[in-house]
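Student: I should like to take a close look at a single part of this model. Please define each term as it arises.

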Amino acid sequence: MRVVSWEETLTEQEKRRAREQLEQLLERQARLGHSDVVTYYPPEAIAQRDLFALAGTHVDGTQWAVGDCDHRFPLQSISKVFTYALALEDNGREATLTRVGVEPSGDPFNALEFDETNRRPHNPMVNAGALVAADILGGADVDEKVARLLERMRIYAGNPELEVDQELLDAMLADADRNLGISYYMRSLGMLVGEVEDILRVYLSACSVHVTAAELSEMGATLANGGENPRTGERAMARTYVRDVIGVMFTCGMYDAAGQWANDVGIPAKSGVSGGIMAAIPNQVGLSVFSPGLDQHGNSVRGINVFRELSDRFGLHIFADPAETQLGRLGGRVWPEPEPEPEPGALDPEPRDDLPDDGVVPVAIEGAATV
Ligand code: GLN
């Protein structure tokens with residue numbers, strides 16, 4: 001795979017400065033402890049939870065990556081973006097919308113909650129919605145659906161060798177009570193049409209595709225670039241549906257922390273329980289972070305903090321004053337003078353202890369996440 005390196009465009013001094021600052025950013029956020037990873041991960045993955053990588057691919061094809069950027073990890077829920085994109089293309093906007101909505105649910109990703117009025121899941125970025133997207137994907141059987149999706153994912157990532165990790169897929173299939181429950185319930189209400197086992201296999205196969213942080217940023221860049229991979233020039237999806245996909249990432253991509261994210265970070269993004277976050281800033285850049293420790297929403301703790309810092313520092317918020325935006329600098333061309341180090345902090349505000357305990361059990365905290 002040819003990687004166009006941002007380093008080639010820089011002077012020695014600029015290179016050193018940019019790399020140093022990216023590494024300092026990772027180091028600063030690494031000081032923040034991590035919570036656990038999801039339970040269905042094998043011990044090796046649990047042992048790797050301190051891995052940390054950050055990468056960017058700009059729409060001019062320039063790419064940079066720091067940290068553990070050669071490590072491969074599963075897309076998990078980030079795959080929902082690509083499943084939805086292909087479902088839209090296969091079925092059209094109107095037919096897709098009758099089956100899955102575009103409203104943030106405010107509920108955890110694996111909630112048994114639906115838009116009762118319209119008899120459809122709230123949105124395609126939570127499990128129920130992604131299962132519907134898998135149901136309506138074109139393809140004669142499971143294998144064909146997975147093959148079509150994989151083919152697209154390879155174009156987004158610019159890597160023709162992306163594969164489904166069979167071992168992870170088997171582990172998730174064996175630990176799928178929650179997703180089976182959601183699926184059977186939806187089928188009983190007519191929200192799912194195909195065989196539950198098949199739909200689940202398509203959805204979880206997509207979750208099990210492994211990528212590096214650099215590839216994930218390239219997937220984001222392909223979306224940011226109107227559906228065409230900016231490095232290879234290959235088209236991964238129809239231009240007309242890019243707005244639907246990026247729009248739903250912006251409103252629903254971070255599960256029940258989506259509103260806070262839109263407020264604080266302000267860029268379309270999607271997270272997965274592997275600890276990856278992919279962001280797409282239209283016409284600018286795709287960004288990715290990988291760090292497996294999760295918060296109670298199932299989002300990467302350090303990942304969120306890195307994005308918050310990048311957003312503040314480079315004015316990435318899509319509604320920020322354009323005068324504050326310094327995206328060129330993020331590309332490594334000119335990094336601003338180092339600023340005082342912001343304190344790492346979580347996206348959620350400090351919990352209030354003056355309120356009565358409502359007995360709600362968080363879904364993905366302290367290693368107790370269930371599928
Ligand atoms: N394998 C996970 C599931 O279906 C993916 C969830 C996620 O990344 N939030 O539950």
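Student: In which sense, and over how many bridges, do β6 and strand β7 (residues 285-290) pair?

Tutor: The pairing of β6 and β7 is antiparallel and runs over 6 bridges; two strands count as paired if DSSP finds at least two bridges between them. The model is predicted, so local features need pLDDT of at least 70 and side-chain atom pairs count only at pLDDT 80 or more, whereas totals for chains, interfaces and linings use all residues. Residues are numbered from 1 along each chain as its sequence is written, and side-chain values use heavy atoms, with hydrogens and water left out.

Within this pairing, Met-278 has Ser-288 of β7 as its bridge partner. The two strands form a hairpin with 3 residues between them, and Asn-283 in the turn has a positive phi of about 65°. Strand β6 (residues 276-281) also pairs with strand β5 (residues 269-271), again in the antiparallel sense, over 3 bridges. There, Ser-271 stands opposite Ile-277. β5 and β6 likewise form a hairpin, with 4 residues between them; Gly-275 in that turn has a positive phi of about 100°.

Of the 6 residues in β6, 6 are buried, where buried means under 20% relative accessible area, computed with a 1.4 Å probe on protein chains only. Both faces of the strand are covered: Gly-276, Met-278 and Ala-280 lie on one side, and Ile-277, Ala-279 and Ile-281 on the other. In the protein as a whole, buried residues make up 57% of the 371 residues. The secondary structure comprises 14 helices and 7 strands, taken as DSSP runs of at least four residues (H or I) for helices and at least two (E) for strands, numbered from the N terminus.

The ligand may be described in the same manner. It is surrounded by 13 residues, the closest being Gln-76, Ser-77, Tyr-203, Tyr-255 and Val-273; a residue is near a molecule if one of its heavy atoms lies within 4 Å of it. Nitrogen atoms of the ligand lie 2.8 Å from an N or O atom in the side chain of Gln-76, 2.9 Å from such an atom of Ser-77 and 2.7 Å from a polar side-chain atom of Tyr-255. The protein covers 100% of the 300 Å² of accessible area that the ligand has on its own, as given by the Shrake-Rupley method with a 1.4 Å probe.

Terms used. Buried means under 20% relative accessible area, exposed over 50%, partly exposed in between (1.4 Å probe, protein chains only). A polar contact is a pair of N or O atoms within 3.5 Å; within protein, one must be able to donate a hydrogen and the other to accept it, and residues adjacent in sequence count only if both atoms are side-chain atoms.
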